[in-house]
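Student: I'm new to this one, and I'd like to know how the labels get attached. Could you take me through the reasoning?

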Amino acid sequence: MRMEAGEAAPPVGAGGRPGGGWGKWVRLNVGGTVFLTTRQTLCREQKSFLSRLCQGEELQSDRDETGAYLIDRDPTYFGPILNFLRHGKLVLDKDMAEEGVLEEAEFYNIGPLIRIIKDRMEEKDYTVAQVPPKHVYRVLQCQEEELTQMVSTMSDGWRFEQLVNIGSSYNYGSEDQAEFLCVVSKELHSSPHGLSSESTRKAKVPVRTLPDPSLSLQ
């Protein structure tokens with residue numbers, strides 16, 4: 001049960017416990033939002049902060065004017081924590097970050113929930129890692145005397161794939177110079193958000209890119 005701060009709640013008896021027939025109920029004021037739950041639920045994980053709190057251990061936790069325990073944490077992520085203690089399942093809204101719930105689970109020291117969230121996150125990372133990388137290719141036109149410099153200065157993950165002599169030559173000083181097409185490639189890995197984790201910057205080589213866009217590689 002969840003109530004906004006200031007909302008009417010069952011009367012409180014000594015020690016912050018609701019009076020009358022509500023003796024098993026406990027109120028928690030988490031970041032300004034009041035949660036109402038049972039002592040049995042909070043004590044489900046014996047080593048947790050919440051279990052120690054409801055069992056009266058000295059944790060230096062203040063209480064608000066209604067007797068609810070004050071906990072300075074984000075109430076957004078406390079809902080999944082409390083529900084896990086109730087039924088043992090991790091249920092998250094689609095827009096809720098698992099990292100946020102993990103942070104709270106670690107604060108409250110709820111071991112089984114920590115393991116579940118970490119397993120989920122590792123499974124997602126493994127799935128992303130299994131996606132084969134894509135390749136981007138560039139065809140560069142260079143002169144014979146530029147080949148050595150081009151291969152030695154390639155950077156940003158580009159690598160040499162193929163060299164094609166296009167058969168034309170021209171006179172450079174007293175020597176004939178051939179023209180070549182150099183094929184280079186680069187891997188583009190997918191990130192969890194579907195974006196490339198590599199930049200598509202041009203290869204840093206002193207060559208002229210082939211101007212003909214109709215050229216394709218088989």
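Student: How many salt bridges does the structure hold?

Tutor: Five, in this predicted model. One of them joins Glu104 and Arg73.

Student: What makes Glu104 and Arg73 a salt bridge?

Tutor: Their closest N and O atoms are 2.9 Å apart. The cut-off is 4 Å between a side-chain nitrogen of Lys or Arg and a carboxyl oxygen of Asp or Glu, so this pair qualifies.

Student: Why say that Glu104 and Arg73 tie parts together?

Tutor: Look at where they sit: Glu104 is in helix 4 (residues 98–108), while Arg73 is in the loop between strand 4 (69–71) and helix 3 (75–87). Those parts are 31 residues apart in sequence, so the pair ties them together.

Student: Why is Glu104 called buried?

Tutor: Its relative accessible area is 6%. Buried means under 20%, so Glu104 fits.

Student: Which residues does Glu98 join in a network?

Tutor: Arg120 and Lys124, through salt bridges that share partners. For Glu98 and Arg120, the closest N and O atoms are 3.7 Å apart; for Lys124 and Glu98 the N to O value is 3.6 Å. Both values are within 4 Å, so both pairs count.

Student: Where do Lys124 and Glu98 lie?

Tutor: Lys124 is in helix 5 and Glu98 in helix 4, with their positions 26 residues apart in the sequence.

Student: How do you know whether Glu98 and Arg120 are buried or partly exposed?

Tutor: Glu98 has 9% relative accessibility, which is under 20%, so it counts as buried. Arg120 has 33%, which falls between 20% and 50%, so Arg120 is partly exposed.

Student: Let's turn to rings. How many aromatic pairs does the structure hold?

Tutor: Five of those as well. Take Phe49 and Tyr108, for example.

Student: Why is the pair of Phe49 and Tyr108 called what it is?

Tutor: The ring centres are 6.0 Å apart, within the 6.5 Å cut-off, so the rings pair. Their planes are at 55°, neither under 30 degrees nor over 60, so the pair is tilted. Phe49 lies in helix 2 (residues 49–54) and Tyr108 in helix 4, so this pair ties together parts that are 59 residues apart in sequence.

Student: What about Phe107 and Tyr108?

Tutor: Here the centres are 5.0 Å apart and the planes are at 80°. That angle is over 60, so the pair is edge-to-face.

Student: Which residues do the ring pairs link into a cluster?

Tutor: Phe35, Phe49, Phe78, Phe107 and Tyr108. Tyr108 has 0% relative accessibility, so it counts as buried, whereas Phe107, at 36%, is partly exposed.

Student: What lies over the face of Phe107?

Tutor: Arg73, at 4.0 Å from the ring centre. Arg73 is also the salt-bridge partner of Glu104.

Student: One last thing: what is notable about phi of Asn109?

Tutor: It is near 60°, a positive value in a residue other than glycine. Most residues other than glycine have a negative phi.

Student: Where does Asn109 lie, and why is it called partly exposed?

Tutor: Asn109 is in the loop between helix 4 and helix 5. Its relative accessible area is 40%, between 20% and 50%, so it is partly exposed.

Conventions
Residues are numbered from 1 along each chain as its sequence is written. This is a predicted model: local features need pLDDT of at least 70, side-chain atom pairs count only at pLDDT 80 or more; totals for chains, interfaces and linings use all residues. Side-chain values use heavy atoms; hydrogens and water are left out. Helices (H or I, at least four residues) and strands (E, at least two) are DSSP runs, numbered from the N terminus. Buried means under 20% relative accessible area, exposed over 50%, partly exposed in between (1.4 Å probe, protein chains only). A charge sits over a ring if NZ of Lys or CZ of Arg is within 6 Å of the ring centre and within 35 degrees of the ring normal.
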